[in-house]
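Biologist: I've never looked at this one before. Could you walk me through how to read it?

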Amino acid sequence: MLEIEGLRAGYNGSDAIRAVSMRIEAGSVVALLGPNGAGKSTLVNAISGLNRASAGSIRFEGTDITRLSAPEIVELGIVQVPEGRQLFGPLSVAENLSLGFQRLSGRPGAKALFRERLDYVYALFPRLQERAGQRAITLSGGEQSMVAVGRALMADPRLLLLDEPSIGLAPLVVELLFGVLGTLRESGLTMLVVEQHAEESLRVADYGYVMASGAITAQGTGAELAASEALQHSYLGEHPAELKVRA
Ligand code: ATP
């Protein structure tokens with residue numbers, strides 16, 4: 001579904017990612033792991049058109065999207081849950097969710113489709129239905145993450161990019177969020193999940209990449225990565241043996 005070849009991107013003329021290549025098969029979940037500053041967000045933002053690539057290419061379902069704008073990329077069905085959630089604080093949960101429907105708002109039968117998407121999101125996150133009228137800024141961190149994921153799902157994505165959706169959340173909430181990602185995986189949604197929680201993300205992922213200093217340093221299945229020295233040394237630190245992943 002997505003093929004990245006030799007991608008470079010960065011800021012103010014210096015590369016934050018160098019010669020990155022990656023593949024995401026349709027229907028699969030790919031985890032992107034790595035320490036702070038590795039270049040994960042830069043890569044995700046290059047896919048969604050928020051950062052410009054200075055070299056290399058990104059192809060989505062055979063189309064070269066390297067030079068497309070962010071709105072054009074959303075139109076193709078690549079939808080991002082941005083780092084830090086980026087909700088509209090004064091707006092209600094329902095209003096934040098409905099903003100995600102923008103991509104589909106011009107389609108025939110949009111009204112029924114909107115109701116269908118909203119019911120789908122509320123079924124995944126019943127808490128959001130309970131809080132539909134509450135201002136986003138007053139929600140807990142976990143609830144805000146649910147709104148950010150729900151808003152992206154309102155667009156009925158073909159490829160969902162999640163940039164550290166679980167950052168700063170309590171362990172139980174992280175578990176709940178990854179439970180939902182597992183449900184989305186079962187429904188066949190293709191996802192790229194950037195995560196600090198290596199264990200949880202590799203459990204839900206079919207394949208993973210490890211980044212360090214702007215380059216891919218390891219890739220493989222969860223089990224392969226769990227045994228990989230690159231992951232152990234550059235990322236997990238002292239306790240690699242405790243990593244438990246889906247076989
Ligand atoms: P984290 O897990 O902390 O979010 P990351 O792996 O997502 O880290 P990036 O945010 O992609 O890493 O950052 C990669 C490098 O690019 C870092 O050295 C960072 O300081 C730099 N960088 C990121 N955003 C900008 C920016 N807007 N302007 C200048 N440099 C930036």
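**Around the ligand**

Modeller: Sure, and let's start with one contact: in this predicted model, a polar side-chain atom of Glu164 sits 2.8 Å from an oxygen atom of the ligand.

Biologist: How much of the ligand's exposed area does the protein bury?

Modeller: Taken alone, the ligand exposes 630 Å², and the protein buries 58% of that.

Biologist: Which other side chains should I look at for polar contacts?

Modeller: A polar contact here is a pair of N or O atoms within 3.5 Å. Try Asn36, with a polar side-chain atom 3.1 Å from a ligand oxygen, and Tyr11, with one 3.5 Å from a ligand nitrogen.

Biologist: How many residues surround the ligand, and which are the closest?

Modeller: There are 13, and the closest are Gly37, Lys40, Ser41, Thr42 and Glu164. By type, the shell splits into 4 nonpolar, 6 polar and 3 charged residues. Helix 1 (residues 40–47) gives the largest share of the shell, with 3 residues.

**The sheet**

Biologist: And how do I read a sheet?

Modeller: Follow the order of its strands. This open sheet has 6 strands in the order 6-7-8-3-9-10, with mixed pairing.

Biologist: Why is one side of strand 6 and of strand 10 left without a neighbour in the sheet?

Modeller: Strand 6 (78–81) and strand 10 (215–220) are at the edges and each has a single partner strand, so one side of each has no neighbour there. On average, neighbouring strands are turned by 20° against each other, direction ignored.

Biologist: In what sense do strands 3 and 9 pair?

Modeller: Strand 3 (residues 29–33) and strand 9 (residues 207–212) pair in the parallel sense, over 4 bridges. Ala31, for instance, has Gly208 in strand 9 as its bridge partner.

Key. Residues numbered from 1 in each chain as written. Predicted model: local features only at pLDDT ≥ 70, side-chain atom pairs only at ≥ 80, totals over all residues. Heavy atoms only, no water. Near = heavy atom within 4 Å. Polar contact = N/O pair within 3.5 Å; in protein donor to acceptor, adjacent residues only side chain to side chain. Areas by Shrake-Rupley, 256 points an atom, 1.4 Å probe, with all protein chains shown as cover. Helix = DSSP H or I, 4+ residues; strand = E, 2+ residues; numbered from the N terminus. Nonpolar A, V, L, I, M, F, W, Y, C, P; charged D, E, K, R; others polar. Pairing = 2+ DSSP bridges. Axes fitted to C-alpha atoms, helices over the stretch in contact; angles between N-to-C directions.
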